[in-house]
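New to this one? Here is a quick, friendly tour of some charged side chains and their partners.

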Amino acid sequence: MPAEGPVRLVVLDRGRELSGVVHEGESWAVAARRTCASLHADPEPVDLSGEVKRFVVDHDTRIAIRAMTRGDLPDVVRWRAAEHVRPWFTDTEPTMEALEAKYGDRIDGMSPTRMWVVEVNGRSVGFVQDYRIGDYPDYAVLGPDPDAIGIDYLIGEPAWVGHGLGARMLWAWMSRACTRFDTARTFCAAPDHRNGASRRILLKAGFVEGVWFDEPQDDGRVTTMVGHTLDVARVIGAGHRPRVIG
């Protein structure tokens, strides 16, 4: 078979379409940043699932990640009760008492799982939770590396669903996670196989689909999940982390 050529990419910046390639040993993020040479913001993914990796430099919409506090729980209750979210989070009823019991220790730093709020231009719109796979041996099906980082996430505000926020939200989380988990080589997620929107978000953010597996639920049902993994060195770059701007 003929040797594969370099990975190609496009960065959209203020109406310009800048084309580039990923050099040998270079990550997609580093190549995108070199291609656009922006002094104002780092490129974020539009769609990394295709043959050409597509990024954007958005000068108007800033996405940030911050630690969740207990003061965010009313938003979390509302997000978890939203029609587009509820089918995929069935473990706990979306009430203040139930979610405070579920998330309280995570928010307070008393659990291996930590909680993060996603903000768009300063407004809270969803959350991400992350954990080291090795801290939850039952999750080893996601991969053999105990230092891999597992994530769950949601966009809670209906107004932001379907606007390309998901991949950029995960990218903002990665910018933080690469510093917090500086030895992690892999990020992992496992949405329900019926959750096509979540699976598309992961692929657009640079994850690849892997193993399908059955996960027992608290009510006795079994749900089929789809494992996805992201190669940190390939997509983001070992030794290089995206800037956290703003």
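## Salt bridges and a lysine

Glutamate 93 and arginine 86 pair up through their side chains in a salt bridge, 2.6 Å from N to O. Arginine 86 counts as partly exposed, because its relative accessibility is 37% and the partly exposed class lies between 20% and 50%. Keep in mind that this is a predicted model.

That pair has company: searching the whole structure turns up 23 salt bridges. Here are three of them, with the closest N and O atoms compared.

| Salt bridge | N to O distance |
|---|---|
| Glutamate 93 and arginine 86 | 2.6 Å |
| Aspartate 58 and arginine 168 | 3.0 Å |
| Arginine 8 and glutamate 51 | 3.2 Å |

Take arginine 8 and glutamate 51 from the table. This pair links distant parts of the chain, 43 residues apart: arginine 8 sits in strand E1, glutamate 51 in the loop between strands E3 and E4. Arginine 8 is partly exposed at 41% relative accessible area, while glutamate 51 is exposed at 65%.

Now for aspartate 58 and arginine 168, which form a salt bridge too. Aspartate 58 is in the loop between E4 and strand E5 and arginine 168 is in helix H4, so the pair ties together parts 110 residues apart in sequence. Both residues are buried.

Salt bridges can also join up: Asp75, Arg78, Arg123 and Glu157 are linked in a network of them.

Finally, meet lysine 102 in helix H3. Setting aside residues up to four places away in sequence, lysine 102 touches Arg80, Asp91 and Thr92. Its side chain makes a polar contact with the side chain of aspartate 91, at 2.5 Å.

Definitions and conventions: Residues are numbered from 1 along each chain as its sequence is written. This is a predicted model: local features need pLDDT of at least 70, side-chain atom pairs count only at pLDDT 80 or more; totals for chains, interfaces and linings use all residues. Side-chain values use heavy atoms; hydrogens and water are left out. Helices (H or I, at least four residues) and strands (E, at least two) are DSSP runs, numbered from the N terminus. Contact means heavy atoms within 4.5 Å. A polar contact is a pair of N or O atoms within 3.5 Å; within protein, one must be able to donate a hydrogen and the other to accept it, and residues adjacent in sequence count only if both atoms are side-chain atoms. A salt bridge is a side-chain nitrogen of Lys or Arg within 4 Å of a carboxyl oxygen of Asp or Glu. Buried means under 20% relative accessible area, exposed over 50%, partly exposed in between (1.4 Å probe, protein chains only).
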